[in-house]
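Colleague: I have a model open on my screen and would like to talk it through with you. Could you take my questions as they come?

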Amino acid sequence: MNEITEYLMATNSTYKTLSNQCTQHFIQIQEYLPSDLQQTMLQYEETLLLLQAVIENHIYTQGLKDGMDLRSLLK
């Protein structure tokens, strides 16, 4: 994932813009939150990232299965 992110940051201006906007929004939210909610916001973001990783893993695994099925059909 890190390699893909680095590649997209270097080659895809849309991805880079959206990533930078996301970071800026997060920083702004953190600045305005009371200190007791800042930790909650960090935990929320970590949980979202974990959910995204689960989804990405499922999509990748399903793609491999679909590829194997397609290969079997084409033989």
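Colleague: Let me start with one residue, then: where is the place of Asn57?

Modeller: Asn57 has its place in helix α3, and please keep in mind throughout that this is a predicted model.

Colleague: And does Asn57 count as buried, exposed or partly exposed?

Modeller: Asn57 counts as partly exposed, because its relative accessibility is 49%, and the cut-off for exposed is over 50%.

Colleague: How far apart in space are Asn57 and Leu37?

Modeller: From C-alpha to C-alpha, Asn57 and Leu37 are 30 Å apart, with a separation of 20 residues in sequence.

Colleague: Stepping back, how many helices and strands does the protein chain have?

Modeller: The protein chain has three helices and zero strands, and from the N terminus on its elements run in the order α-α-α. The radius of gyration is 18 Å, well over the 11 Å that the globule rule gives for 75 residues, so the chain is more spread out than a compact globule.

Colleague: What box do the C-alpha atoms fill?

Modeller: Taken along the principal axes, the box filled by the C-alpha atoms of the protein chain is roughly 60 × 30 × 15 Å.

Colleague: What share of the residues is buried?

Modeller: Buried residues make up 4% of the 75 residues in the protein chain, and the chain exposes about 6,800 Å², of which carbon and sulfur atoms supply 61%.

Colleague: Gln30 caught my eye; is Gln30 buried or exposed, and why?

Modeller: Gln30 counts as buried because its relative accessibility is 13%, and the cut-off for buried is under 20%. Gln30 has its place in helix α2, which covers residues 13-32, and its C-alpha atom is separated by 7.5 Å from that of Met41, eleven residues apart from it along the chain.

Colleague: Changing topic, which residues form a nonpolar patch on the surface?

Modeller: That patch is formed by Tyr44, Leu48 and Leu51, which together have about 310 Å² of accessible area. Of these, Tyr44 lies in helix α3, which spans residues 35-74.

Colleague: Last one, on charges: how far apart are the mean positions of the positive and negative charges?

Modeller: The protein chain has 4 positive and 9 negative charges, and the mean positions of the two sets are 20 Å apart.

Methods. Residues are numbered from 1 along each chain as its sequence is written. This is a predicted model: local features need pLDDT of at least 70, side-chain atom pairs count only at pLDDT 80 or more; totals for chains, interfaces and linings use all residues. Side-chain values use heavy atoms; hydrogens and water are left out. Helices (H or I, at least four residues) and strands (E, at least two) are DSSP runs, numbered from the N terminus. The radius of gyration is taken over C-alpha atoms; the globule rule is 2.2 Å times the number of residues to the power 0.38. Buried means under 20% relative accessible area, exposed over 50%, partly exposed in between (1.4 Å probe, protein chains only). Accessible areas come from the Shrake-Rupley method with a 1.4 Å probe; for residues, only the protein chains shown count as cover. Lys and Arg count as positive and Asp and Glu as negative; His and the chain ends are not counted. The place of a charge is taken as NZ of Lys, CZ of Arg, CG of Asp or CD of Glu. Patches are made of residues with over 30% relative accessible area and no salt bridge: like charges are joined within 9 Å, nonpolar side chains (Val, Leu, Ile, Met, Phe, Trp, Tyr) within 5 Å. A salt bridge is a side-chain nitrogen of Lys or Arg within 4 Å of a carboxyl oxygen of Asp or Glu.
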